[in-house]
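Me: I would like to go through a few local features of this model with you, one question at a time. Please reason briefly before each answer.

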Amino acid sequence: MPPTASIDNDKISFNDTEYDLIDGRTSPVSAMEDGTYNSHLTVVEKSASRNTELRRSLDERHVNMIAFSTTVGIGCFLQSGKIISAIGPGGAVMGYILMGVVIWSANSSLGEMTAVFPVKGPIIDFCSRFIDESVGFAIGWMAWSVSLFFATYMANLGNRFAYAILTATEVSTLSQTFEFGFDNSYLESKNYPEIPLEWKFGMEISPAVWATFALFLMLGINVLPVRIYGEIEYVFGCIKLIMMVVMIMFNVIISGVNANRGLYPRFWTYQKPYGFFTDTASIGKHVFHGDTARLIGLWSSMNTIFFSLQGMFSVSVTAAENRRLETEESIKIASRKIALRVITLYALLVFSVGLNVPYDDLMIKDSSNNDIRQGNHSPFIISCILSGVTGLPHLLNAFFIFSAFSCGVNGLYTASRLLHALASVRNAWPTRLYWLKSRLERTTSKGVPLAAVFTSWLFGFLGYLGTQPSPAKILGRLAILSSASMMIVYMGIGISFMAFKTCTVEAEPNDPVIMDSDSGPILNRAAANYPYRSHLQWARAAFSAFACFLFLFFNGWKSILSPFTAADFVASYIAIPIFLMLVALYHVKDERTWNPFKWTRRATMNVAGPMETTQTNPLKRRGRLHRANLQRFWAPENIALFREFIWVWLK
């Protein structure tokens, strides 16, 4: 008997069974084992069989700290010494600010689109909606793989394990943070009172113990209801924020104390024979001098700095789990706060530690192309040693481990939400894997995508496949690969916003957010209840996309210098052919041709159903300072509003 089907709004009856209407693309009729059907009308799924929605449980403060913890891992703490060595303390500060502005510009673009459309997987949705479905598909999988890198790398905390993103044969990880120790000759040369300075237990206990413990703890936190997860990350983020402020204050104070004691003159690292910039730059066996050295040092440091800042996009990942978006405007506030906090704190951290650590110190000096080293190369610990401070190096190394672990927890969260969003895109999966797609899309009664969490978490155990002889360099190449992938993601974000901008107008504030035009619905960015609008945002999106293109294009220039380093070159550029291959596979799957000239662009440019804020007075929007009593400046209601303003930007 042939199958019978009837459609009623968003439901379809198929052989007397009711299903939800999921997608309108045509495909042949077939029955799947999990109760999913492909009909000539649509792909349908049992409405009562499972829950696929995330739960909106996060408040603004949770979003702030989840994004903050995701961004603040070990990049600045362990890698800033390499930056100071390459371009000097002043150049390092400039580098962090410059790259921070690039990522901030892209993140603001993503923040506006996410505030208007708080969907799950925004980087996937917006690239699909405004550029092409294939681009959203490719960017989604690349961002997921990068999130897995963060989760696995941070979970291993630098221990020596092989880790695979693209293949299981070339990548390994060195968990060095527990293997904390200094050479006694170095400590003696600095007259440090505590000799030896090391963690014996870290040297003696197998790295597999730390990795296993961290991986299972990461899983345990991520399977909790998202509200509890948010509370945990709020505490973690507050600890990180407080410790970073303490580290800044310590380095500023110790600089003044050393000057008063006559150990070092004030700002001695910024003066001759050192200086704001270095006078030489070393790339492998090549040495450059003068202005050329400064330019090369700054440019070659951009990739390392990008690696430290690339997690800012995680604000958007939480969009589908935010509540009270209309009143709290959490996406807008969090997008601005994450940039201001991270750029300011990183710049101050590098500036303050640069007051006490010269750029030629042996423990931070690094002329290799790519590597990530352990905690005893951190300039913050070196600052303690040069100043003769005991005890604090142990605390700082423990904090670096904690910071890496927290970042890994968030990396797994981000990876699972991206995978869950990809599971909602039918064309992102081969037909034979629809059974896996349907399972990854499921959520628990608390809204946790358990299958997506567990699947992403399993990749962490690829770290046990083996070891490599040069794990620090391999980990550095992995960082280069992840940065290149995220540069493509941020380029996609910038281009998406420029296309999104063509669907908007600047009408009157009293006009509605969604308006009709000859070409269809358009958005009124000037509307009083438009959720988030940044000034000069189109120009900032174009700037970020172009900057990321330049950084990506020149990403591997150091590997080309004689002698040519094939492994570094591949790590720098393999993300580009992977991206193009994913785009091609998407089109080939649907259009059955490898000829790109026959491919059609699929971008809906749909702007229907935007979110609108409840507050229509722009002066009273969240994050704006205003007075309720215009007659008395110090009126109690004005003081209360001022306290609320401070709390909004601090929490």
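Me: Which side chain of opposite charge is nearest to the buried Glu 591?
Reply: In this predicted model, Glu 591 lies in helix H21, which covers residues 575–591. Glu 591 is buried yet forms no salt bridge; such a bridge would need a side-chain nitrogen of Lys or Arg within 4 Å of a carboxyl oxygen. The nearest side chain of opposite charge is 4.4 Å away, and it belongs to Arg 602.

Me: Which backbone nitrogen does the side chain of Glu 591 reach?
Reply: Leaving aside neighbours within four places in sequence, the residues in contact with Glu 591 are Lys 598, Trp 599, Thr 600 and Arg 602. At a distance of 3.1 Å, the side chain of Glu 591 reaches the backbone nitrogen of Thr 600.

Me: Is Gly 609 buried or exposed?
Reply: Gly 609 lies in the loop between H21 and H22, and its C-alpha is 9.8 Å from that of Pro 521, although the two are 88 residues apart in sequence. Because its relative accessible area is 66%, and the cut-off for this class is over 50%, Gly 609 counts as exposed.

Me: What is the approximate area of the nonpolar surface patch that includes Trp 647?
Reply: Trp 647 is found in helix H22, residues 636–650, and it counts as partly exposed because its relative accessibility is 47%. Together with Leu 625, Phe 642, Ile 646 and Leu 650, Trp 647 makes a nonpolar surface patch of about 510 Å².

Methods: Residues are numbered from 1 along each chain as its sequence is written. This is a predicted model: local features need pLDDT of at least 70, side-chain atom pairs count only at pLDDT 80 or more; totals for chains, interfaces and linings use all residues. Side-chain values use heavy atoms; hydrogens and water are left out. Patches are made of residues with over 30% relative accessible area and no salt bridge: like charges are joined within 9 Å, nonpolar side chains (Val, Leu, Ile, Met, Phe, Trp, Tyr) within 5 Å. Accessible areas come from the Shrake-Rupley method with a 1.4 Å probe; for residues, only the protein chains shown count as cover. Helices (H or I, at least four residues) and strands (E, at least two) are DSSP runs, numbered from the N terminus. Buried means under 20% relative accessible area, exposed over 50%, partly exposed in between (1.4 Å probe, protein chains only). Lys and Arg count as positive and Asp and Glu as negative; His and the chain ends are not counted. A polar contact is a pair of N or O atoms within 3.5 Å; within protein, one must be able to donate a hydrogen and the other to accept it, and residues adjacent in sequence count only if both atoms are side-chain atoms. Contact means heavy atoms within 4.5 Å.
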